[in-house]
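Let's take a walk through this structure together, starting from its interior and ending at one of its helices.

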Amino acid sequence: MDNREILILAIESSCDETAAAVVRNGREVLSNIIYSQIDLHTVYGGVVPEIASRKHIEKINQVIGQALKEAGTALGELSAIAVTYGPGLVGALLVGVSAAKAISFASGIPLVGVHHIEGHISANYIENQDLEPPFLCLVVSGGHTHLVGVKDYGDYRIIGRTRDDAAGEAYDKVARAIGLGYPGGPAIDRLAREGDPEAISFPRARVAESAYDFSFSGLKSAVLNYLNSCRMKGIEINAADVAASFQKAVVDVLVGHSMEAVRQYGYDRLAIAGGVASNSSLRDAFREACKEKKIAFYHPSPIFCTDNAAMIGTAAYYEYQRGVRHGWDLNAVPGLRLGERV
Ligand code: KG4
Ligand code: ZN
């Protein structure tokens, strides 16, 4: 076992955040720089891939420089350069991958490619020093909804996944329909606090053959139909009630499936990850359900829930310790599957 300090520079550019971080020994974040492009995409109501790629190119060197400076780390002290190489937008991923490869090539420092979702899961290690596998993790983001058994570091078993929309995607689409901007998750989270979650009865979809899979497109359609029928009948829409009732339906399903999986698979720890994991109502519901069932509950702070590079540095540390090194032929893999190693 290597007793040296392991300092990792991590880079993340899979969607609309250009991010770099320096992480020491896996769980200590020395810097965490995030340049969010959200304002640029808001006017279009969602992420425009071409704009995202161009902005990543403009920002990446600056963000990496700032991460090293804030951490007080010189390139020569690094043990590895880590980078998200999938899944995500191909043009966006390529910017981070190219930057990481260039630094690795010029400095001779080893390159470690990281799976974006493994990064989200690993965000839980940063503020929970006691957390170790095995545990169950619900990953809920703009592009993914996965129920994952974390058997060991780097060893995952997918227990459930969405059949259509991701949870965050449903939030964003419903937010748009009720006139809230992008990203819709935080806006619905806020507005729902003023609404009645029991006001409107929206469906809680079950996927027939699989108890742990999710489906959110029916719920999204139900909200759209409700809004249309109100408009046609001239009934005034209470947006806060719609937000609260929609959110309740999402939270019920996410918590219900997760608690069932915890029981069925015999886990005693449950973590949540991804942008939607910063949702206050989801956290409250999990806290309560886990307390009742005597399950330890973990979640990252909001800054480590949405896309960031610190989580990539943490995931990379465990990959690095297992001997994973990538060559300079590392490529972006937009459809990279969880647990897949290419
Ligand atoms: O993990 P993330 O930053 O990017 C992906 O990997 O997709 O997640 C972004 C998603 C967006 O859909 C956003 O609306 C949602 O996370 N989100 C939230 C909240 N904050 C962000 N959804 C619900 N409640 C929130 N507070
Ligand atoms: Zn993400």
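Leaving aside its neighbours within four places in sequence, with which residues is phenylalanine 286 in contact? In this predicted model, Phe286 is in contact (heavy atoms within 4.5 Å) with Leu138, Leu254, Val255, Ser258, Met259, Leu270, Ile272 and Phe297. The model's local features need pLDDT of at least 70, side-chain atom pairs count only at pLDDT 80 or more, and totals for chains, interfaces and linings use all residues. Residues are numbered from 1 along each chain as its sequence is written, and side-chain values use heavy atoms, with hydrogens and water left out.

Now step back to the largest nonpolar core, meaning buried Ala, Val, Leu, Ile, Met, Phe, Trp, Tyr and Cys residues joined through side-chain atoms within 4.5 Å; buried is under 20% relative accessible area, with a 1.4 Å probe and protein chains only. Among its 49 residues, Phe246, Leu270 and Phe286 touch the most other members. Elements that each supply at least two of its residues include strand S6 (135–140), helix H5 (167–177) and strand S9 (269–273), while H8 gives the most, with 14 residues. Helices (H or I, at least four residues) and strands (E, at least two) are DSSP runs, numbered from the N terminus. Another core, of 37 residues, lies apart from this one and includes Ile8, Ile121, Tyr156 and Tyr298.

Our last stop is helix H2, residues 49–71. H2 bends by about 45° at lysine 59, the bend being the angle between axes fitted to the seven residues ending there and the seven starting there. Lys59 is also among the buried residues of H2, as are His56 and Ile60. Their cover includes strand S1 (7–12) and helix H3 (90–107). Just after H2, glycine 72 takes a positive phi of about 65°.

Methods: Chains lettered and ligands numbered in written order. Buried < 20%, exposed > 50% of the residue type's maximum accessible area, 1.4 Å probe, protein only. Expected span 1.5 Å × (residues − 1).
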